[in-house]
Amino acid sequence: MIGLIKKDLLTLKKQLIIIIFFVAFYGILSFAQPGNYSMFAYMVTLYSIFIPMTSLGYDDRSEWNKYAITMPVTRKHLVYSKYLLSILAIGITGILCIVLILLIDKGFTSESLFTITSSLSIGVLFISIILPFNFRFGVEKSRFIIFGLFGIPTVLIVILSKANIPLPSEDFILKLLRFLPLLAVAVLIISNLVSVSIVEKKEY
């Protein structure tokens, strides 16, 4: 498992350098505009999501999984390694956010804690939705499906507005967001089980 993650990190070496550059850029921007660390949290979370997706893209192009299953590597290990890579990337994002907030604010506020937990939870939810599609259809094909899926909320909002159905209030949404970390963990576990099932049945 550790070997698979090391393989991914070595493959992504050039991309990681670019991501580090952007992390530094948004970090400096946050210092220039104190209190605006939410942009840093959400942007860095977004970049962390690209790491497992890019890794899966390289695996698809090189047909890595076909080669990997001839070695003492189980299909479950192939799936677990991508989820661990995702958690590692999002976890490092969380640590960077904490360090940045401590440097800027010298402590935590309810707003900063909310920013960290919501950005990381959204990152976990996003990756939990994407990975099963990537395992099932490959990165290239699943991209179109994912764009379609993420367009559904926008379509629903438009339909509700035109039907004069009141949208949830801001207070209700904020209360709902408090449960986001629990929802993210639950969806991550289900996503992992679905991905294992897909990869175990897939023919390479």
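Which side chains meet in a salt bridge at 2.9 Å, N to O? Keep that in mind while going through the points below; the answer comes in point 4.

1. First, the basics. This is a predicted model, so read everything here as computed from that prediction. The protein chain has nine helices and zero strands. Going along from the N terminus, you simply meet one α element after another, α-α-α-α-α-α-α-α-α.

2. On overall dimensions: the C-alpha atoms fill a box of roughly 50 × 45 × 25 Å along the principal axes. The chain has 204 residues, and 37% of them count as buried. If you look at contacts between residues at least 6 apart in sequence, 79% join residues at least 24 apart.

3. Now the surface and the charges. The protein chain exposes about 12,400 Å², with carbon and sulfur atoms supplying 73% of that area. There are 18 positive and 11 negative side chains, and the centres of these two sets lie 5 Å apart.

4. Back to the opening question: the side chains are those of K7 and D59. K7 sits in helix α1 (residues 2-11) and D59 in helix α3 (residues 37-62), so this pair ties together parts that are 52 residues apart in sequence. Both K7 and D59 are buried.

5. K7 has another partner as well. It forms a salt bridge with D8, where the closest N and O atoms are 2.8 Å apart. D8 is buried too, at a relative accessible area of 1%, because anything under 20% counts as buried. Add K82, and you get a network of salt bridges linking K7, D8, D59 and K82.

6. How many salt bridges does the structure hold? Five. One of them pairs E63 with K66, the closest N and O atoms being 3.3 Å apart. Here the setting is partly exposed: E63 has 45% relative accessibility, and K66 has a relative accessible area of 39%.

7. Finally, have a look at L180, which lies in helix α9 (residues 180-201). Is L180 buried or exposed? Buried, with a relative accessible area of 10%. Setting aside neighbours within four places in sequence, L180 is in contact with S118, S121, I122 and L125. L120 is worth finding on the model too: L180 and L120 are 60 residues apart in sequence, and their C-alpha atoms are 9.6 Å apart in space.

Technical notes
Residues numbered from 1 in each chain as written. Predicted model: local features only at pLDDT ≥ 70, side-chain atom pairs only at ≥ 80, totals over all residues. Heavy atoms only, no water. Helix = DSSP H or I, 4+ residues; strand = E, 2+ residues; numbered from the N terminus. Buried < 20%, exposed > 50% of the residue type's maximum accessible area, 1.4 Å probe, protein only. Contact = heavy atoms within 4.5 Å. Areas by Shrake-Rupley, 256 points an atom, 1.4 Å probe, with all protein chains shown as cover. Lys, Arg positive; Asp, Glu negative; His and termini not counted. Charge placed at Lys NZ, Arg CZ, Asp CG, Glu CD. Salt bridge = Lys/Arg side-chain N within 4 Å of Asp/Glu carboxyl O.
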